[in-house]
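The exercises below are meant to be worked through with the sequence and the three-dimensional model side by side. Each task is followed by a solution that goes step by step.

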Amino acid sequence: MKILNSWLNEFGPFGTDIEKISGAMTSLGLTVESIETIGRSVKGVVVAKVLRTERHPDAAKVHRVFVDAGDGAELHIWCGAFNIKAGDLVPLATLGTTMPDGRVITARGIFGIESHGMLCSGTELGLSTDSDGILILPTGLKLGLDVFAALKIKRDSLFSLDVTRNRPDCNGYLGVARDLGAHLGIKIVAPPGDDAKRGPKRSLKVAIVDKKKCSRYNATVISGVEVKSSPDWIARRLTNCGMRPINNVVDASNLVMLELNQPTHAFDATTVNGGFRIRCARKGETLTTLDGQQREFEATDLLICDGKDQAIAIAGVMGGAATEINAATSVVALETAWFESAGVARTAARLGLRSEASMRFERGVDPHGIDHAVARFAKILRESCPNLVVHAGATDIKEKHLPARQRPVNLRLGQVNRLLGTSLSARAVANLLGKVGFIAKSVTTTKQPVLKIAVPSWRPDCESEIDLVEEVARYYGYENLGKLVPQSTIHGRLSVLQQRRRELRELICSLGLSEAMPNPFLAPGDLARAGVSESNSIRLANPLVFEESVLRTSLRPGLLKAIKYNISHRAEHILLFELGHVYPSGEQPSTDDLPDEYESVCLVAVGESSRLALDWWSQISAVMNFGAQLDQSTIEPGFHPARSATLRRGRQVIGFVGELDPRVLAKHEINTAVACLELDLSALLAAPPTVVTAKPVSRFPRSDFDLAFVVPNSRSAATIIKALRQSAGDELVDLELFDVYRGPGVSDDSRSLTFRLSLQAIDRTLTDAEVTATRRRCLDAAAKLGAHLRQ
């Protein structure tokens, strides 16, 4: 929101101490982002009169302009703008003038003919945003006079405020002045409305079909309108506030919006067919808006229709081209209304059509400030239309859904002082709030006094007690609250889940892996290249770029991209892991639902085999007390079909371990093996951690022996390991598969697996007979699974 200091002073005597005003606004929560000095005179720019213009036969983009700068001498100027004619008064930058952008005007020639100055646009002088042509000055100005002095332009300060969504009233000058006046103790006066006698009764029919989305609609007929340019002071104010002057009718509407935070819309009354009908759109209905674009609507969009039920405007967003004000307009139908905030926000967002009006309706306007807005519009327009007639009989429909003029909210004095650390009395709180229109209607005098506060309609953001506490703090002054930190009996701590996640990250880092953080959004095809099914993957409705439009269902695609990047940069010893959220495939969620997600962790190592991935799992499961069984009967797509396994906890899949599929690696230009461990961290951390108990250390020696089995390829090593553990009993302290052999002496449908078993008792040295008996039990158990001792 841009605030002109001179305009702000029309609401109250705030003065010209810019630092004081800026500091006060910032302390109130209206952060001043910048202060700009405008209206600074450009020395050397004077009023000149165009005597004649001539075209040069060899110059297509410029023409010759001859001007008089007040001394009677004819000056020649080359000019690229063609909007001027003989008799026009224009700003002339004379030779030696330094322009605001730093340029110095010097004599320059085209075709050997020198130009003795430069004719200026409004943009070049900082007087307007129109850069399409030369600025045409009002008639009657004295030639040779400084342009800024002739136009009576004074230096001013422009504040740029960061107005947050919870302060809708400060999207207008009146709201800012009201806050600032309360803070500085200055009485505020609202801008005057039109007090002329109303003309003959002239009404328009209004029918509100959707009474919840439009709870008040005022249609006022104004005749005697002459469409022309606005007075200079209006045009300059709009320009300085970032709005383009259009004509006196539209400019009056915009000025009222900036002053009062009340959007209005002026229709050409001859085009509305006798009235208005406010209804929701029919699906597929269209309208060409003021920007020349054809818009198609959904059934939830609210439209303004004419007397024949034809759409002529999007309620609270933008008017239609067919009913806009034009040069022939003499009678205006002025719309001033209250529309539901959420409905305007949805329509503006869906259409991608945010306007100054829609922004204000989204955040909230005063439903009871409409009468003043109509009167103020007429007051401003009357300056350029002296024969203006505001007709009696304005149609003003108010529905039961209209917010009340005052909304009661109870405020406990004890709650105010507890939250703010103050000792304010009930009268002090009532006085602070009363400065901005919050009226304390009654005070319940009990052990804990309660104030019944009437919240005015221009503050829709104040709905509960805590909102009023914030208002007390703002007007009391945040700087006066002190720096007492409330004491809590509970100190902050990590949850058990957060602690275990942190322990896991530290453990993985200790294994020599570096954490990677790839983009969680993928391009179409990334999942398929990683061997992961892309069917039913969740797509973003409005991605920033097409390459980031798919939610990942696995961490592998991002890590594969990271590996490819590191290999292309000749990095060595690539060991990476990522801990993040993934979004499993499923039905596309509705607009109100969030997709399913869970936390996952994935470890990869380039140039390593599945043995390293199994080692990772062994260490992680031992330290974190995770348990799972290896299942080689089902292999996750994207993993090596013969060197990978699924980790299961009963029927629940909690991860995958092994090597990545060489075909997947080839698609990422990776020509070496990649070990990978991927775990469902949400499932693992959701289980309550088991209590770690200390195990006694035996003082007695271990007995080791090796067993080499010939095992069919159809039988997994995991089943042999499980059988050996069960047969060896409690004395087994370590079991290691340390050799796998395929070749001469072993049939093609089998392989040799060599295990080392370590036995140790806690209370004695094991005898040879006990070791032999254990060995025999292991051989028998393996034989039942089709494994026989290798000779």
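**Exercise 1. The largest pocket**

Between which domains does the largest pocket lie, and why?

*Solution.* Before starting, note that this is a predicted model, in which local features need pLDDT of at least 70 and side-chain atom pairs count only at pLDDT 80 or more, while totals for chains, interfaces and linings use all residues. Residues are numbered from 1 along each chain as its sequence is written, and side-chain values use heavy atoms, with hydrogens and water left out.

Step 1. Fix the terms: on a 1 Å grid over the protein atoms alone, a pocket is an open set of points with protein on both sides within 12 Å along at least five of seven lines, a cavity is a set of points where a 1.4 Å probe fits but cannot get out, and lining residues have an atom within 4 Å of a point. Grid points are joined across faces, edges and corners, and a volume is the space filled by probe spheres set on the points.

Step 2. The largest pocket has a volume of about 1,700 Å³. Its lining counts 42 residues, and those closest to the centre are L614, L630, A717, I721 and L737. Among the elements that give two or more residues to this lining are α17 (610-624), β32 (639-649), α20 (717-728) and β36 (732-741); helices (H or I, at least four residues) and strands (E, at least two) are DSSP runs, numbered from the N terminus.

Step 3. Because domain 5 (496-686) and domain 6 (703-789) both contribute lining residues, the pocket lies between them; the domain bounds come from an automatic or database domain assignment.

Step 4. Sorted by class, the lining has 18 nonpolar, 13 polar and 11 charged residues, where Ala, Val, Leu, Ile, Met, Phe, Trp, Tyr, Cys and Pro count as nonpolar, Asp, Glu, Lys and Arg as charged, and the others, Gly among them, as polar.

**Exercise 2. The second largest pocket and the cavity**

Describe the lining of the second largest pocket, and then that of the largest cavity.

*Solution.* Step 1. The second largest pocket has a volume of about 1,000 Å³. It is lined by 45 residues, and M243, N254, M257, E356 and A357 lie nearest its centre.

Step 2. Elements giving two or more residues to this lining include α7 (248-260), β20 (332-339) and α9 (356-363), and the largest share, 6 residues, comes from α9. Domain 1 (2-39 + 156-184) and domain 3 (205-398) each supply at least three residues. By class, the lining holds 25 nonpolar, 11 polar and 9 charged residues.

Step 3. A search of the whole structure finds 1 cavity of 30 Å³ or more, and the largest cavity has a volume of about 70 Å³. K213, T300, L302, A315, E340, G343, V344 and T347 line the cavity, with the largest share, 3 residues, coming from helix α8 (residues 341-351).

**Exercise 3. Salt bridges and burial**

Which parts of the chain does the pair R459 and E471 tie together?

*Solution.* Step 1. A salt bridge is a side-chain nitrogen of Lys or Arg within 4 Å of a carboxyl oxygen of Asp or Glu, and the structure holds 49 of these.

Step 2. R459 and E471 meet in a salt bridge with an N to O distance of 2.9 Å. R459 lies in the loop between β25 (450-456) and α13 (465-476), whereas E471 lies in helix α13, so the pair ties together parts that are 12 residues apart in sequence.

Step 3. For burial, buried means under 20% relative accessible area, exposed over 50%, and partly exposed in between (1.4 Å probe, protein chains only). R459, at 1%, is buried, and E471, at 2%, is buried as well.

Step 4. Turn next to the salt bridge of R539 and E534, at 3.5 Å from N to O: R539 counts as partly exposed at 38%, while E534 is buried at 19%. In addition, salt bridges that share partners join R167, D169, D179, R459, D461, E471 and R474 into one network.

**Exercise 4. The chain as a whole**

How many helices and strands does the chain have?

*Solution.* The secondary structure comes to 21 helices and 38 strands, and buried residues make up 48% of the 791 residues.
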